[in-house]
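Q: I should like to learn how to read several features of a protein model. May we take them one at a time, beginning with the packing of helices?

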Amino acid sequence: MNETRRAVLERVADGPVSGPALADALDVSRAAVWKHVEALRDAGFGIESAGAGYVLDSIPEYGGPAVEYGCEAPFEVEYHDSIASTNDRARELAASGASDVVVLADEQTGGRGRLERAWSSPPGGVWLSVVCRPDLAPARATVVTMAMSAAACAAARETGVDAAIKWPNDLLVPDDDYARGGRKLAGILTEMEGEAGRVSWVIPGLGLNANVSSDALPDDATSLLAERGEPVERRVLVQRILERFDALRGDPEATREAWRAHAATLDTRVRVTLPEETVVGEAVDVTDAGALVVDTGSEDRVVHAGDCEHLRPV
Ligand code: BT5
C-alpha cells in the first residue's frame, strides 16, 4: 500500500472526514482522494460516505492491505490467492532489488520444503516469505530463521496451541511419540544469496498450518484448526508473526533467548544423525549460528545440521 493510501485509510478510520479535508491534509487533489477510497473499497475495506464524510466501518478478512493495516512492522505485503511458491516469488522480488516485502498466499500449488521435499499448502494456511537484507555474514544468517521460528511459535501459542520448536526450526505440537517430538505444525525454508562475505538477501519462508483440516495434510502433521477445533483469525495471526519477527531479526541475542524460551529440544535427550556419525546426549544449548550443543557425557558437541530425534529420558 503506498503512503498516501495508507494515510487515507488511517484518517477515514478516525473519521468521518470529508473529501476536501482529506485532500488538504494530505496535499493531494480531491480526485486523488476519491481514487484511493475506491481502491481501498476494491481491496475490501468498507468505507461509508455519509453527510460528514468518509468513515471506515469494516476491514477485509485477509489479504495484503488487510494485513498491512494495523500491523506495526514495516512490511509491504503482496498477496496471492494461489501461487506456485511464495519463496519463488520472493526470490524474484529480491533479484529486482526489493526489501522488506512479504509474499503471502492462501494456497501454494508448488510449495517447497528443504532438500527438494514437497510442502503441502492447501487453502487456509499461512504461507509467507519475507525478503530481508540484514547486515550479516552468511554464516550468521541462520539467526533470521531462528527469529522466524520463535515469532511463529509465540504467535501460535497466543492462539491457545501448545507449540514448541524442534531443532533446527520446525514447530511441533508435542505428543507421546518421543522420537518424532510431536506433530508438525509449521516448517521454515530459508534461502539466501551472499556476496563478498555479506548476505545480500535472505528469505525465510514460513509454512504454518492454520485453518487447514488435517485430512488435507500429511499423516504426522497438525494444524491450529485441528488443535483448537475452530479457525483462527489469520489476519491477526500474520500481523503478530510479522511484528515479532521484525522486533527480533536485528537482535541476535534476543532471538536466541526467544528461541530457547520456545524450544522443546533443549534439556531433552537427543540423537542427531550426521552423515558420518550419530551423536547422542542431552541438548543443552543453541549457538547464535543455530547449531545445537549436545552434552554427550564426555564432551559438548556442536552440531550444525542433521536429523534430530528426541529420546525418552533415561
Ligand atoms: C520444511 O521442510 O519444513 C520447510 C517448509 C517451508 C514451507 C514454506 S511455505 C512458504 C514458503 N514457500 C515455499 O515454497 N516454502 C516455504 P522440511 O523440513 O523439508 O519438511 C518437509 C516434510 O514435511 C515433507 O517431506 C513432509 O513429510 C512434511 N510436510 C509436507 N507438508 C507439510 C505440512 N503442510 N505440514 C506438516 N508437514 C508437512
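**Reading helix packing, the ligand site and the backbone**

A: In this predicted model, helix H6 passes helix H8 in a right-handed crossing. The contact is formed on the H6 side by Val-144, Ala-147, Met-148, Ala-150, Ala-151, Ala-152, Ala-154, Ala-155 and Glu-158. On the H8 side, the residues are Leu-237, Arg-240, Ile-241, Arg-244, Phe-245, Leu-248 and Arg-249.

Q: How does the contact of H6 with H8 divide into nonpolar, polar and charged residues?

A: The contact of H6 with H8 has 12 nonpolar residues, no polar ones and four charged ones.

Q: At what angle do H6 and H8 pack, and how far apart are their axes?

A: Two packed helices are described by the angle between their axes and by the distance between those axes. For H6 (residues 142–158) and H8 (residues 234–249), the angle is about 140 degrees and the axes are 8 Å apart. Angles over 145 degrees count as roughly antiparallel, and H6 and H8 are therefore oblique to each other.

Q: How are H1 and H2 packed, by angle and by distance between their axes?

A: The same two quantities are read here. Helix H1 (residues 3–13) packs with helix H2 (residues 19–26) at an angle of about 130 degrees, and their axes are 11 Å apart. H1 and H2 are therefore oblique to each other, and H1 passes H2 in a right-handed crossing. H1 contributes Thr-4, Ala-7, Val-8, Arg-11 and Val-12 to the contact, while H2 contributes Leu-22, Ala-25 and Leu-26. By class, the contact of H1 with H2 has six nonpolar residues, one polar and one charged.

Q: Let us turn to the ligand. Which residues around the ligand come nearest?

A: There are 26 residues around the ligand, and those that come nearest are Ser-85, Arg-112, Arg-114, Arg-117 and Lys-184.

Q: Which atoms of the ligand and of Ser-85 are paired, and what are the corresponding pairs for Arg-114 and Ser-120?

A: For Ser-85, an N or O atom of the side chain is 2.7 Å from an oxygen atom of the ligand. For Arg-114, a polar side-chain atom lies 2.5 Å from a ligand oxygen atom. For Ser-120, a polar backbone atom is 2.9 Å from a nitrogen atom of the ligand.

Q: Now the backbone. Which peptide bond leading to Pro-16 or Pro-168 is cis?

A: Most peptide bonds are trans, and most residues other than glycine have a negative phi. The bond from Gly-15 to Pro-16 is cis, with omega near 10 degrees, and Pro-16 is placed in the loop between H1 and H2. The bond from Trp-167 to Pro-168 is also cis, with omega near 5 degrees. Pro-168 lies in the loop between strand S6 (164–166) and strand S7 (170–173).

Q: What is the phi of Asp-27, and where does Asp-27 lie?

A: Phi of Asp-27 is near 60 degrees, a positive value in a residue other than glycine. Asp-27 lies in the loop between H2 and helix H3 (30–42).

Q: Finally, where is Ser-200 placed, and which residues does Ser-200 touch?

A: Ser-200 is in strand S9 (residues 198–208). Not counting residues up to four places away in sequence, Ser-200 touches Cys-132, Arg-133, Glu-193, Gly-194 and Glu-195. Thr-159 is 41 residues from Ser-200 in sequence and 34 Å from it in space, C-alpha to C-alpha.

Conventions:
Residues are numbered from 1 along each chain as its sequence is written. This is a predicted model: local features need pLDDT of at least 70, side-chain atom pairs count only at pLDDT 80 or more; totals for chains, interfaces and linings use all residues. Side-chain values use heavy atoms; hydrogens and water are left out. Axes are lines fitted to C-alpha atoms, for helices over the stretch in contact, and angles run from 0 to 180 degrees between N-to-C directions. Helices (H or I, at least four residues) and strands (E, at least two) are DSSP runs, numbered from the N terminus. Angles under 35 degrees count as roughly parallel, over 145 as roughly antiparallel, 65 to 115 as roughly perpendicular and the rest as oblique. A crossing is left-handed if the near helix is turned anticlockwise from the far one by less than a right angle, and right-handed if clockwise. Contact means heavy atoms within 4.5 Å. Ala, Val, Leu, Ile, Met, Phe, Trp, Tyr, Cys and Pro count as nonpolar, Asp, Glu, Lys and Arg as charged, and the others, Gly among them, as polar. A residue is near a molecule or strand if one of its heavy atoms lies within 4 Å of it. A polar contact is a pair of N or O atoms within 3.5 Å; within protein, one must be able to donate a hydrogen and the other to accept it, and residues adjacent in sequence count only if both atoms are side-chain atoms.
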